[in-house]
Amino acid sequence: MYEIAHRVLELRTDPPRDVVVTVGVPYEEPTGEWSCPYRIDGLDGWEHERKVSGLDSLEAIELAMITVRAAVTGSHEAREGLLAWDEEQAGQRPRTVYVSVDSARNLAYIAMKHEIVPGEARRQVVAENIVLDYGDAGQLLGLELTDAATLLPAELRI
């Protein structure tokens, strides 16, 4: 499953362990409806990938988020007060990336944050079929794939 988001919760047991919640990239089923995979590792009874389906990709994601929230908050671990989500230091947290695809021009952009403002990219590095955009402080803002059909995994070629 290619993930679009995940969160790590702490299960306060002895010894403590992680509960990892992952939501995957939605995909179109042969029937025309859309499915969104998700997985909850570390909670009893949720150790395998599941999916929910909707009329379009957005509804599938929304239903996956609702299902995950209900599963986590309704778990016996949560009811017993054993689950916690403590903010980790920014450099150690998993990050979500944002992918936009222009299949007509065979381009894709993978952004490290939700929105990049025009002019925010101060430096670009061009590599083979990839352009890396960097901000003022040297942080990677995003990358453009100039051959998206080859470089993007099939699940991301929307």
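At 49% relative accessibility, Asp44 counts as partly exposed. This residue sits in the loop between β4 and β5 of a predicted model. The chain holds 3 helices and 11 strands, and buried residues make up 28% of its 158 residues.

**Asp44 and its contacts**

- Apart from neighbours within four places in sequence, Asp44 is in contact with Arg17, His76 and Glu77.
- Asp44 and Glu77 are 33 residues apart along the chain, and 8.7 Å separates their C-alpha atoms.
- Among the elements concerned, Arg17 falls in β2 (17–24) and His76 and Glu77 fall in α2 (76–79).

**Overall layout**

- Read from the N terminus, the elements run β-β-β-β-β-α-α-β-β-β-β-β-β-α.
- The C-alpha trace of the chain spans about 50 × 45 × 25 Å along its principal axes.
- Of the contacts in the chain with a separation of 6 or more, 37% are between residues 24 or more positions apart.

**Helix α1**

- Helix α1 covers residues 57–74, which is 18 residues.
- From its first C-alpha to its last, α1 reaches 25 Å, close to the 26 Å expected at 1.5 Å a residue.
- The buried residues in α1 are Ala60, Ala64, Val68, Ala71 and Val72.
- Because these buried residues cover an arc of only 90° around the axis, they lie on the same side of α1.
- An α-helix has 3.6 residues a turn, so residues three or four places apart point the same way.
- Leu58, Ile66, Arg69 and Thr73 are exposed on the other side of α1.
- The partners against which the buried residues of α1 pack include four strands from the N-terminal part of the chain, namely β1 (3–11), β2 (17–24), β4 (34–41) and β5 (50–54).
- Helix α2 (76–79) and strand β6 (83–84) are also packed against by the buried residues of α1.
- At the N-terminal end of α1, Asp56 acts as the cap, with a side-chain oxygen 3.3 Å from the backbone nitrogen of Leu58.
- Leu58 thus appears twice in this description, as a residue exposed on α1 and as the one whose backbone nitrogen faces the Asp56 cap.

**Strand β1 and its partners**

- Strands β1 and β2 pair in the antiparallel sense over 8 bridges.
- The two strands form a hairpin, with 5 residues between β1 and β2.
- Within this pairing, Glu10 stands opposite Asp18 in β2.
- Strand β1 also pairs with β6 in the antiparallel sense, over 2 bridges.
- In the pairing with β6, Glu10 stands opposite Ala84.
- Glu10 therefore has Asp18 of β2 and Ala84 of β6 as opposite residues.
- Pro15 is found in the loop between β1 and β2, and the peptide bond that leads to it from Asp14 is cis, with omega near 0°.

**The five-stranded sheet**

- An open sheet of 5 strands has antiparallel pairing and the order β7-β8-β11-β10-β9.
- Its edge strands, each pairing on one side only, are β7 (98–102) and β9 (123–127).
- From one strand to the next, the twist averages 15°.
- Strands of a sheet pair through backbone hydrogen bonds, either parallel or antiparallel.
- Inside the sheet, β8 (residues 107–111) and β11 (residues 140–145) form an antiparallel pair over 4 bridges.
- Ala108 of this pair stands opposite Leu145 in β11.

**Loops of the sheet with positive phi**

- Asn106 lies in the loop between β7 and β8.
- Phi of Asn106 is near 60°, a positive value in a residue other than glycine.
- With 25% relative accessibility, Asn106 counts as partly exposed.
- Asn129 lies in the loop between β9 and β10 (130–134).
- For Asn129, phi is near 65°, again a positive value in a residue other than glycine.
- Asn129 has a relative accessible area of 33% and is partly exposed.

Notes. Residues numbered from 1 in each chain as written. Predicted model: local features only at pLDDT ≥ 70, side-chain atom pairs only at ≥ 80, totals over all residues. Heavy atoms only, no water. Pairing = 2+ DSSP bridges. Axes fitted to C-alpha atoms, helices over the stretch in contact; angles between N-to-C directions. Expected span 1.5 Å × (residues − 1). Buried < 20%, exposed > 50% of the residue type's maximum accessible area, 1.4 Å probe, protein only. Arc of directions from axis to C-beta. Contact = heavy atoms within 4.5 Å. Polar contact = N/O pair within 3.5 Å; in protein donor to acceptor, adjacent residues only side chain to side chain.
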